[in-house]
Amino acid sequence: MEKAVFVALDFDTEDELTKILTQLGAPNETYLKIGMELFYHAGDSLVKQLVKQGYHIFLDLKLHDIPNTVYAAAKQLAQLGVFCITVHALGGSEMISAAKKGLIAGTPEHLKIPKLLAVTELTSISNEILANEQNCNLAMADQVLSLAQTAKNAGADGVICSPLEVEKLRKVIGDSFLYVTPGIRLANNQAGDQKRIATPKKALKFGSSAIVVGRPITQAANPKKIYQTIKKEFS
Ligand code: C5P
């Protein structure tokens with residue numbers, strides 16, 4: 001998975017899904033991210049089907065609830081054969097370690113335990129929102145670092161953050177942790193709702209372990225070409 005480009009499948013029709021899959025590579029070389037929209041539409045049968053075809057699946061449901069509930073949810077998700085799942089680091093260390101325990105308890109013997117990634121601050125959160133709505137008096141980089149340290153100590157395998165924060169996190173937390181970064185835009189792309197963005201080339205330079213890219217690929221006139229361009233920039 002080192003230097004993987006996860007394509008975020010943020011849509012809710014099989015037609016769109018089929019169309020985009022034909023533009024990407026062979027299943028065993030292709031990394032897909034399924035988030036709330038597609039999962040709530042198609043359910044776990046779609047996930048199982050894609051796993052069976054050989055795709056590497058990042059199941060991004062961003063669990064955030066009391067530890068007991070997150071334990072039980074992670075235990076269920078562990079049965080799907082996905083590569084990784086996500087929780088919100090803001091749920092706290094007890095919740096993160098409950099997710100880890102749920103994954104361990106729920107993974108059937110023939111499967112690998114999914115990696116647990118903790119979302120730090122969403123890449124759609126700006127410095128202003130952090131200060132004025134979350135009432136956080138830390139700078140963004142320090143808040144992300146604090147959440148990442150909590151996640152690491154609680155047993156997470158990595159974090160989701162902006163590429164802009166990876167250099168600092170790697171310096172403090174080290175290289176035996178995954179830094180997966182959405183908020184990716186090519187130089188000529190619209191940012192949309194994303195705030196803390198970088199190009200694939202910058203993400204590579206900053207040390208992202210893997211990147212997550214949705215609309216720049218899925219809404220491109222030629223998704224295949226953009227996917228190839230992004231993969232090249234990030235390698
Ligand atoms: O279309 P775009 O490239 O902005 O998609 C980014 C994807 O990454 C979305 O599916 C979004 O849910 C996800 N994500 C994010 N920021 C995070 C965690 C996940 O944008 N911190």
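These legends go with close-up views of the ligand and the two largest pockets in a predicted model.

**View 1. The ligand and its shell.** Here we zoom in on the ligand, which has 17 residues around it. Closest in are Asp10, Thr123, Arg185, Gln194 and Arg215. Sorted by class, the shell has eight nonpolar, six charged and three polar residues.

**View 2. Polar side chains at ligand oxygens.** Arg215 puts a side-chain N or O atom 2.7 Å from an oxygen atom of the ligand. For Gln194, the side-chain N or O atom sits 2.8 Å from a ligand oxygen, and for Lys62 a polar side-chain atom is 3.4 Å from one. On its own the ligand would expose 470 Å², and the protein buries 88% of that.

**View 3. The largest pocket, where the ligand goes.** The ligand takes up the space of the largest pocket. Strand S3 (56-63), strand S8 (210-213) and helix H9 (215-218) each give two or more residues to the ligand shell. The pocket's volume is about 450 Å³, and among its 22 lining residues, Asp10, Lys62, Thr123, Pro182 and Gln194 are closest to the centre. S3 hands over the largest share of that lining, three residues. The lining is a mix of nine nonpolar, eight charged and five polar residues.

**View 4. The second largest pocket.** This one holds about 240 Å³ of space. Its lining takes in Val51, then Gly81, Val82 and Phe83, plus Leu111, Lys112, Ile113, Pro114 and Lys115. By class, that comes to six nonpolar residues, two charged and one polar.

Methods. Residues are numbered from 1 along each chain as its sequence is written. This is a predicted model: local features need pLDDT of at least 70, side-chain atom pairs count only at pLDDT 80 or more; totals for chains, interfaces and linings use all residues. Side-chain values use heavy atoms; hydrogens and water are left out. A residue is near a molecule or strand if one of its heavy atoms lies within 4 Å of it. A polar contact is a pair of N or O atoms within 3.5 Å; within protein, one must be able to donate a hydrogen and the other to accept it, and residues adjacent in sequence count only if both atoms are side-chain atoms. Accessible areas come from the Shrake-Rupley method with a 1.4 Å probe; for residues, only the protein chains shown count as cover. On a 1 Å grid over the protein atoms alone, a cavity is a set of points where a 1.4 Å probe fits but cannot get out, and a pocket is an open set with protein on both sides within 12 Å along at least five of seven lines; lining residues have an atom within 4 Å of a point. A molecule sits in a cavity or pocket if more than half of its atoms lie within 2 Å of its grid points. Helices (H or I, at least four residues) and strands (E, at least two) are DSSP runs, numbered from the N terminus. Ala, Val, Leu, Ile, Met, Phe, Trp, Tyr, Cys and Pro count as nonpolar, Asp, Glu, Lys and Arg as charged, and the others, Gly among them, as polar. Grid points are joined across faces, edges and corners, and a volume is the space filled by probe spheres set on the points.
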